[in-house]
Amino acid sequence: MASTNVQPLLRKADGRVLFTGEEGYYRFAALSEVRLSLSRWKLRYAFGVADRFDGDSGAVQLYLGSGDLSQFPSSDTAVSATMNRSAVNRWTLEHVIPIRRGQEEGWLLLSGSLYLTRRVQQGTLTGRWQNAQFDGNLLLDTTRGLEPADTRSVGVGFHLALSVPLSEEWRFAFWGENLLGHVWQRRVQRITARVLTNTVIPDADGFLHAAPLLSGRIDTLSRELSLRRRVTLGLARRGDAGAWLLLAAQDAGWEYTLGYASERYWFLFTLPRREWQMAYRSGQWELVLGLSEIDPARARHGSVQMRWAMPVGR
């Protein structure tokens, strides 16, 4: 899944990008998962990668200017950007507890995850663009360049989900991921540097030298990282052929989703991202497609998922 408000995901070669917002972002996530279910227990193994970049309008202008010099800031502009990239193996054990309310049945799900990190990169870049020059400071914690034995660290997370019938037609649900969760990162390299572009510095004899792009130091340290908490609230109304859904999810900010689900397909529309998703099930296969625009060349959010379930029995 990829999402950005900076430029279309499939940008045309001759297409000029105009960014007028105050905050820009790019997010990418890919997940491969295997599940094994037995009665009320479920074991999951997953490997995932996630990239997240956030920046103010000055950071977006610098990024766009790297591919089109005419889009560099034309005036004195502050720049602030953050980066968070990770690659993680995850083992999750879940247990479902049935809940009865009158004639209707709900459930409570308790689960815990063991995280094994393979890559961590977290950093900030702050500075100012002035007179066609950038002067800033970089702080980056990264496992890149370290031995594999030093990059693989351990974390734990605890999750909770609840589905409660309100009546024969209405149902309320809650999902909480990483309500408690930390990673104890064994080693990271901390890079503290000054960043200069298009800058010349005279030496003692008056000769001009191009300033180095980066100058600073590298330290090695251990870190305790907090896992991002995600919360979703859901309300569903069941009909004869399917169910209408209303979801409110909180991650970096709140998102709201309206949808409809039946036995073979479902449809979702999410705001403020304006992303739609459609899924179709056939036998053991499920295909999910999502875009923010019908024309892929204009889309700023997109997702593709394919699932296959293999029944296991005695």
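**Notes on the β2–β3 hairpin and a pocket**

1. Let's start with the hairpin: β2 and β3 make one, with two residues between the strands. Ser39 sits in that turn, and its phi is positive, at about 55°. Keep in mind that this is a predicted model.

2. Along the hairpin, β2 and β3 run antiparallel and share 16 bridges. If you want a spot to look at, find Tyr26, which stands opposite Phe53 in β3.

3. β2 has another partner too. Strand β1, residues 2–4, pairs with β2 in the antiparallel sense, over three bridges. Here Ala2 stands opposite Phe28 in β2.

4. Now for the second largest pocket, which holds about 940 Å³ of space. Its lining comes to 32 residues, and those closest to the pocket centre are Phe53, Ala59, Tyr63, Ala81 and Leu125. You'll recognise Phe53 from the hairpin, as the residue in β3 opposite Tyr26.

5. Which elements give two or more residues to the lining of this second largest pocket? The list is β2 (23–38), β3 (41–56), α1 (57–65), β4 (77–101), β5 (104–130), β6 (133–142) and β8 (170–197). So much for the roll call; β5 gives the most, with five residues.

6. What is the lining of the second largest pocket like by class? It has 22 nonpolar residues, nine polar ones and one charged residue.

How values were computed. Residues are numbered from 1 along each chain as its sequence is written. This is a predicted model: local features need pLDDT of at least 70, side-chain atom pairs count only at pLDDT 80 or more; totals for chains, interfaces and linings use all residues. Side-chain values use heavy atoms; hydrogens and water are left out. On a 1 Å grid over the protein atoms alone, a cavity is a set of points where a 1.4 Å probe fits but cannot get out, and a pocket is an open set with protein on both sides within 12 Å along at least five of seven lines; lining residues have an atom within 4 Å of a point. Grid points are joined across faces, edges and corners, and a volume is the space filled by probe spheres set on the points. Helices (H or I, at least four residues) and strands (E, at least two) are DSSP runs, numbered from the N terminus. Ala, Val, Leu, Ile, Met, Phe, Trp, Tyr, Cys and Pro count as nonpolar, Asp, Glu, Lys and Arg as charged, and the others, Gly among them, as polar. Two strands pair if DSSP finds at least two bridges between them.
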